[in-house]
Amino acid sequence: RRGEKSIDDTPTVNPADMKPPQSNSESNHEDGIVVGNNEPRSMACSVTRHALITEPREWRRLVCGIDTLDVGIYVNWDEWDLLHKELVLQKNKAVVQEGVVWDKYPIGPILVYPSGKGRNYAYHVYRPGCHVFIAKRGEAGKTPNVYVSIESHLLWRDGVEMSLDRVENLITDLGGEIERIQISRCDLAADFYIPGGFNYELLSSCRVSKSKKTQHIMDDDCLETLYIGEKRSPVQARIYNKSKELLKKGDKMWFLDVWGITGCVDVWRIEFQMRRKYLKEWGVESLEDLLGKVGGLWRYLTTEWLSLRLPDDQNVTRRTVYPWWSAVQECASAFGPECQLVREVPKINLASVGWYVAHMAGCLASYAARIGCGDFWEAFHRLQEDVQKHWDEKDWDMEYVKRSLLAGHDVDLGGSGDVPF
């Protein structure tokens, strides 16, 4: 599922129809040369304006796979009272020591952090590769009582299924019985070696996407990251300089082994982050669902949700896809079977009649307090008069029909159209 560890069998692409970057007298001596430590100079930092709008002429796919996986787990704990008491004790120790090693035998030591995750998960324990957040509930309910984030290095090293096996073993060792596991977040990524890299002008002018929200991070005139979609939205895309991230953080140099290269330069990542709401619309609930549909998801995300296209037609759907982006789309087959997916967008969840009654009743009390009227019936009739004045200035009949259609009801327009107030 992870794709290739190296791509010696993947040829470097040099499309014949791509025009080489032109240079002028000011930059002829710099374009396309090797500088400093024999690393290719980034085209994003080129001094020529023409180079800033040139698509990569060469690329090589390194790997593609699942880079982030968060799961919600429904767990029944065998001896919850004892486990809960121990978790409280270790958490209190962790507050003082900013994290504490819990020697829980026979499973071996695990790390306990002083804080959990949000309001739902009070406890945070860690075994290498897995962050486990536990709620204050001994039994599985309507929502997961355990939330797990699997670290990137474990996913790339062992694959998704073995990584999840590690999670299940940890929960079993702690005395938990798993009812079911649901996918809460999944990030799909493809890494390419692209000599010269990218620039913001190219990506912004050729981007065709479902989301119009973008944000970018620059280092001087060099693009580092482009975000498409909002951070908290159900789906977000990121295109960024992965090699630069590795050099900054320093704790992810193991990626060089994953990529099968020795130099950390000009590796760019295309990544899609999908949250539970979006995954659920595609019918991805379990790990089996994810592994069976991941190829189709990548194909949809890189063809329908986001693509890079030449501005050669007013109709964006007929524009020519950049050759490099075609290579991105072709990663789908490395993820898994390219099945045809059907998306089911949830219907509007209409409130019950009782909810509206309770809401209006509460508003009546606030209305009475606002006008200084303590008598119920007087306040009620005064509100009735004010509501009627409100609708005298608006089209009640039209609004009633519109709301009825949205509620899924057929409306007979052949009658008098009178609606009792």
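The following exchange concerns a predicted model and takes up its sheet, two packed helices and a few individual residues.

In this predicted model, local features need pLDDT of at least 70 and side-chain atom pairs count only at pLDDT 80 or more, while totals for chains, interfaces and linings use all residues. Residues are numbered from 1 along each chain as its sequence is written, and side-chain values use heavy atoms, with hydrogens and water left out.

Biologist: Which strands stand at the edges of the open sheet of 11 strands?

Modeller: Strands here are DSSP runs of E with at least two residues, and helices are runs of H or I with at least four, numbered from the N terminus; two strands pair if DSSP finds at least two bridges between them. With antiparallel pairing, the order is β4-β5-β6-β7-β8-β3-β9-β14-β13-β12-β11. Each edge strand has a single partner, so one side of each is left without a neighbour in the sheet, and these strands are β4 (100-104) and β11 (214-219).

Biologist: In β8, what is the bridge partner of Ile-73?

Modeller: Strand β3 (residues 60-77) runs antiparallel to β8 (residues 146-150), and five bridges join them. Within β8, the residue bridged to Ile-73 is Val-146.

Biologist: At what angle does helix α8 run to β9?

Modeller: Axes are lines fitted to C-alpha atoms, for helices over the stretch in contact (heavy atoms within 4.5 Å), and angles run from 0 to 180 degrees between N-to-C directions. Helix α8 (residues 287-305) lies across β3, β9, β12 (222-228), β13 (235-241) and β14 (267-275). Its angle to β9 is about 35 degrees.

Biologist: Is Asp-266 buried or exposed?

Modeller: Asp-266 sits in the loop between α6 (255-259) and β14, and its phi is near 55 degrees, a positive value in a residue other than glycine. Buried means under 20% relative accessible area, exposed over 50%, and partly exposed in between, with a 1.4 Å probe and protein chains only. At 4% relative accessibility, Asp-266 therefore counts as buried.

Biologist: And Asp-220, is that residue buried or exposed?

Modeller: Asp-220 is found in the loop between β11 and β12, and its phi, near 60 degrees, is likewise a positive value in a residue other than glycine. Because its relative accessible area is 72%, Asp-220 is classed as exposed.

Biologist: How far apart in space are Pro-114 and Val-96, C-alpha to C-alpha?

Modeller: Pro-114 lies in the loop between β5 and β6, where, leaving aside residues up to four places away in sequence, it touches Lys-91, Ala-94, Val-95, Glu-98 and Gly-99. Pro-114 and Val-96 are 18 residues apart in sequence, and their C-alpha separation in space is 8.3 Å.
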